[in-house]
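Below is a short walk through one structure, taken element by element. Please keep the sequence and the model open while reading.

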Amino acid sequence: MIRRHELSDAEWEFVRPLLPESLRGRKRLDDRTVLNGIVWKFRTGTAWRDVPERYGSWATLPTRFRRWAKDGTFERMLRAAQAKADAPGDIEWLVSVDSTIVRPGPPARGRSAKRGLRTPGLGRSRGGLTSKIHLACDAVGRPLAFTVTGGNTNDCTQFTAVMQAIRVPRLGPGRPRVRPDHVIGDKGYSSKPIRTWLRRRNIRHTIPERSDQIRNRLRRGSRDGRPPAFDNQVYKRRNVVEQCFNRLKQWRGIATRYDKTAESYQAAVTLAALLMWA
């Protein structure tokens, strides 16, 4: 019987060929058991020491997780999963972009012992100390790329970083796919630099104007040019990015950040994003 917080057989068959092969001489705890323990930890939001004994020694799990996070294993697995979906044309490149706030739990919100610095990737906003996930997803709500910043980071400042992080490799020869066909964003991304960046790359976009921008354009009259095109029917499809965040936050270890290092939290989000492609 498959436990609710473990990988299903279908998910394991999906990720098994994407895991790195062990080159170590001695026998080690098998990858499925370890990965099930890592998934259990982040889906429940528990501490490493409280992971059930059926997943082996609790000390093995964070060691393997941090090794995979540090060497980019989770990132490579996500890229491989995206390439596998893109090869038969399964990705519809209508990309939606948005951000979500994540509140920290202990020990993430504590101060670092060294130099009195706060945990990387945390910033003080109106809601206190928070992190923020800036994310772009495809037309059915599967994550293509994301960045993690402090909660006081404005959405529009991370737009190009998220767009430039989209990099879906080809299974055969050819450069990775990096350019969406169309981008949908809310009013937080309505700025002249963002629209210029998209136009220079021939990327169509549907981003509503803010009310102050409309007033200023009307005040300037013909000197300000025509208003940007806006398709209300296309904009209705932006809700897939909200659905994507809802699925990610079903993992309690992602809905609340318990990791001190931004590297570990980023790896946890990458793992959850990977399983959304299974």
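Which residue of β3 does Ile-101 stand opposite? Ile-101 faces Lys-132 in β3. The model is a predicted one, and the strands are a convenient place to enter it.

Strand β1, residues 94-104, and β3 are paired in the antiparallel sense, with seven bridges between them. Strand β3 itself covers residues 128-137. A residue counts as buried when its relative accessible area is under 20%. Because 10 of the 10 residues of β3 are buried, the strand is largely enclosed by the rest of the structure.

Strand β2, residues 123-125, also pairs with β3: the two run antiparallel and are joined by three bridges. Within this pairing, Arg-124 has Leu-129 of β3 as its bridge partner. The two strands make a hairpin, and two residues lie between them.

On the other side of the sequence from β2, β3 is followed by strand β4, residues 143-150. Seven bridges connect β3 and β4, and the strands run antiparallel. Ser-131 is placed opposite Gly-150 of β4. Here too there is a hairpin, with five residues between the strands, and in it Gly-141 adopts a positive phi near 85°. Strand β4 is mostly covered, since eight of its eight residues are buried.

The chain leaves β4 through a loop leading to α5 (159-165), and Asn-152 is found in that loop. Setting aside residues up to four places away in sequence, Asn-152 touches Gly-123, Arg-124 and Ser-125. A separation in the other sense is given by Leu-61: this residue and Asn-152 are 91 residues apart along the chain, and their C-alpha atoms are separated by 32 Å.

One more strand can be looked at through a single residue. His-182 lies in β5, which spans residues 182-184. Its relative accessibility is 12%, so His-182 counts as buried. What is His-182 in contact with, leaving aside its neighbours within four places in sequence? The contacts of His-182 are Trp-93, Leu-94, Val-95, Arg-204, His-205, Thr-206 and Val-234.

The helices come next. Two packed helices are described by the angle between their axes and the distance between those axes. Helix α4 (residues 73-86) and helix α11 (residues 262-275) have axes that come within 9 Å and cross at roughly 25°. Angles under 35 degrees count as roughly parallel, so α4 is roughly parallel to α11. The crossing of α4 past α11 is left-handed. From α4, the residues Phe-74, Glu-75, Met-77, Leu-78 and Ala-81 meet Ala-267, Thr-270, Leu-271, Ala-273 and Leu-274 of α11. The residues of this contact comprise eight nonpolar, one polar and one charged.

Helix α11 also packs with α2, residues 31-44, at an angle of about 105° and with the axes 11 Å apart. Angles from 65 to 115 degrees count as roughly perpendicular, and α2 and α11 are therefore roughly perpendicular to each other. On the α2 side the contact is made by Leu-35, Ile-38, Val-39, Phe-42 and Arg-43, and on the α11 side by Ala-268, Leu-271 and Leu-275. Seven residues of this contact are nonpolar, none is polar and one is charged. Leu-271 of α11 appears in the contact with α4 and also in the contact with α2.

Key. Residues are numbered from 1 along each chain as its sequence is written. This is a predicted model: local features need pLDDT of at least 70, side-chain atom pairs count only at pLDDT 80 or more; totals for chains, interfaces and linings use all residues. Side-chain values use heavy atoms; hydrogens and water are left out. Axes are lines fitted to C-alpha atoms, for helices over the stretch in contact, and angles run from 0 to 180 degrees between N-to-C directions. Helices (H or I, at least four residues) and strands (E, at least two) are DSSP runs, numbered from the N terminus. Angles under 35 degrees count as roughly parallel, over 145 as roughly antiparallel, 65 to 115 as roughly perpendicular and the rest as oblique. A crossing is left-handed if the near helix is turned anticlockwise from the far one by less than a right angle, and right-handed if clockwise. Contact means heavy atoms within 4.5 Å. Ala, Val, Leu, Ile, Met, Phe, Trp, Tyr, Cys and Pro count as nonpolar, Asp, Glu, Lys and Arg as charged, and the others, Gly among them, as polar. Buried means under 20% relative accessible area, exposed over 50%, partly exposed in between (1.4 Å probe, protein chains only). Two strands pair if DSSP finds at least two bridges between them.
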